[in-house]
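Visitor: Hey, I've just opened this one and could use a quick tour. Can you pull it up and walk me through the parts worth a look?

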Amino acid sequence: MTKTPIDLQDLRKRIYIKAKAEPAWRFWGLCVHVCKEETLRAAYAMAKANNGAPGSDGVTFAAIEADGVEAFLQGIRDELVAGDYRPQPNRRQEIPKGDGRMRVLGIPCIRDRVVQGALKLILEPIFEADFQDGNYGYRPKRTAHQAVQRVAEAIVSDKTHVIDVDLASYFDTVRHDLLLGKVAQRVSDEQVLGLLKRILKASGKRGVPQGGVISPLLSNLYLNEVDRMLERAKEVTHNGRYTYIEYARFADDLVILVDEYSRWDWLKEAAWQRLVEELAKLDVRLNDDKTRRLDLSPEATFSFLGFDFRRVKTRRGVWGVHYTPRMKARTALLQRLKDVFRRHRSQPIDRVIALINPILRGWVGYFRVGHASRCFGYVKDWVEKKIRRHLMRARQRQGFGWKRWSRQWLYQALGLFNGYRVAPRGPNARPAP
């Protein structure tokens, strides 16, 4: 992770403290901080650390560094100060989704990534002060695992009426006028607002591009009133330390959980109606085919951030929660690995392992919470068999070579990934029987 310079860190800290202390304060004079060499240099370092593909202009980091990074950043600064900066159209790249559809990424050129990164560095602490506790998406010191744990703890606490929210094409439908209005509630700097408007218009008449550096921050801000509404619901219905509604949001993935007892049936309906009202104000549509309202019986499940959640009875006879990687996620992983094995059938095994190990490490690293042991065991056995078939094929033989190569040899001699241990669960996420 690339850290910002100390002076920039101090500036961001001071902005955050001011924003937190005065929720109605509108910040001015921000553009000068966006244009600082220090800010642009930090934004360039973050862009390079992500090592993304070139944008529509085809310019690479190697080409920039061959001509000189300082000259590149000075050129950006001169354009920003003079008000001449104009973002280039994003390069569109289609990424297949699990349901057969395509997700369209809008990839800015490196120059535009630096400008967006500089804007994010200055604006992020302002809006971080306003974001709510249940919002975990793309925020400093917050992770998807924390959101998953929050949902698991809510289920254990008998919040088992679930509103599983799916927003229809959320990132593509964000209205620029509403978004800029939300920014203007905290920012009184015409240069910054104008710069943001130009960045948004470069991606089309509506939406924030998936792939833009500043898009996660802006998409979080757009839904912040939904989070506020849910926080108010928690506040007005709580009884001491007990709460009867909970929620967790990661970008456009939202789940709301309400207490199971019949006395809270009104809260189930109220939460649903208020959600519909808030989304209507934002001109955001629900995906009716995927948005669900359900009560968690032992047979019922819902999905959140790649995990399937199910309520279960523990060995002690009390209700707990069981959450596992979705079958869809496992299938996508195995298909990705199959593609590697197929494309490299004639390659040495060391080359194949060098390609699949990072894939396995990343996938297992994400899903190693909850109750993933059985899924991990399946993946581990599947990979071992694929490795054995590759080795036997190289020797023009059939079978798996069970007697020829031990399992220990695959991991110690070949260096095949073997980190399938599941992380310890929190005290409230009780294991299934």
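Guide: Sure, we'll go through the sheets, a helix pair, a few buried residues and the cysteines. Keep in mind that this is a predicted model.

Visitor: Okay, sheets. What's the strand order in the four-stranded one?

Guide: That open sheet runs S4-S5-S3-S6, with antiparallel pairing.

Visitor: Which strands stand at the edges there?

Guide: Strand S4 (245-250) and strand S6 (292-295). Each has a single partner strand, so one side of each is left without a neighbour in the sheet.

Visitor: And how much are neighbouring strands turned against each other?

Guide: By 15° on average, with direction ignored.

Visitor: How many bridges join S3 to S5?

Guide: Six, between strand S3 (residues 161-166) and strand S5 (residues 253-258), and the two run antiparallel. If you want a pair to click on, Ile163 stands opposite Ile256 in S5.

Visitor: Which strands does helix H13 touch?

Guide: H13 (residues 265-281) packs on this sheet and touches S3, S4, S5 and S6. The direction of H13 makes about 10° with that of S3.

Visitor: What about H7, where does that lie?

Guide: H7 lies across S4 and S5, and runs at about 160° to S4.

Visitor: Let's stay on H7 for a sec. Is Val151 buried or exposed?

Guide: Val151, which is found in helix H7, is buried, with a relative accessible area of 1%.

Visitor: What does Val151 touch?

Guide: Not counting residues up to four places away in sequence, Val151 touches Ala248, Val255, Leu257, Phe302, Phe304 and Phe309. For a sense of distance, Val151 and Asp7 are 38 Å apart in space, C-alpha to C-alpha, and 144 residues apart in sequence.

Visitor: Some of those Phe residues bring me to the other sheet. What's the order of its three strands?

Guide: S7-S8-S9, again an open sheet with antiparallel pairing. The edges are strand S7 (301-304) and strand S9 (319-325); each has a single partner strand, so one side of each is left without a neighbour in the sheet. From one strand to the next, the twist averages 35°.

Visitor: How many bridges do S7 and S8 pair over?

Guide: Four, in the antiparallel sense. Phe302 has Phe309 in S8 as its bridge partner. S7 and S8 form a hairpin with two residues between them, and Leu305 in the turn has a positive phi of about 55°.

Visitor: And S8 with S9, how many bridges there?

Guide: Strand S8 (residues 307-313) pairs with S9 over seven bridges, also antiparallel. Phe309 has Tyr323 as its bridge partner in S9, and Asp308 has Thr324.

Visitor: Which residue takes a positive phi in that hairpin?

Guide: Gly317, with a value near 85°; the hairpin of S8 and S9 has five residues between the strands.

Visitor: New topic, helix packing. At roughly what angle do H5 and H6 cross?

Guide: Roughly 65°, and the axes of helix H5 (residues 69-82) and helix H6 (residues 110-128) come within 11 Å. H5 passes H6 in a right-handed crossing.

Visitor: Which residues meet there?

Guide: From H5 you've got Phe72, Leu73, Ile76, Glu79 and Leu80, and they meet Ile110, Arg111, Val114 and Val115 in H6. By class, that contact has seven nonpolar, two charged and no polar residues.

Visitor: Moving along the chain, where does Asn135 sit?

Guide: Asn135 is in the loop between H6 and helix H7 (144-156).

Visitor: And why does Asn135 count as buried?

Guide: Because its relative accessibility is 0%, and the cut-off for buried is under 20%. Leaving aside neighbours within four places in sequence, Asn135 is in contact with Arg142, Asn220, Asp227, Tyr247 and Arg249.

Visitor: Last thing, cysteines. How many disulfides does the count come to?

Guide: Zero.

Visitor: Why is Cys109 too far for a bond?

Guide: Because the closest cysteine sulfur, in Cys35, is 17 Å from the sulfur of Cys109, while a disulfide needs the pair of sulfur atoms within 2.5 Å.

Visitor: Are Cys109 and Cys375 buried or exposed?

Guide: Cys109 is buried, at a relative accessible area of 0%. Cys375 is buried too, at 11%.

Terms used
Residues are numbered from 1 along each chain as its sequence is written. This is a predicted model: local features need pLDDT of at least 70, side-chain atom pairs count only at pLDDT 80 or more; totals for chains, interfaces and linings use all residues. Side-chain values use heavy atoms; hydrogens and water are left out. Axes are lines fitted to C-alpha atoms, for helices over the stretch in contact, and angles run from 0 to 180 degrees between N-to-C directions. A crossing is left-handed if the near helix is turned anticlockwise from the far one by less than a right angle, and right-handed if clockwise. Contact means heavy atoms within 4.5 Å. Ala, Val, Leu, Ile, Met, Phe, Trp, Tyr, Cys and Pro count as nonpolar, Asp, Glu, Lys and Arg as charged, and the others, Gly among them, as polar. Buried means under 20% relative accessible area, exposed over 50%, partly exposed in between (1.4 Å probe, protein chains only). Two strands pair if DSSP finds at least two bridges between them.
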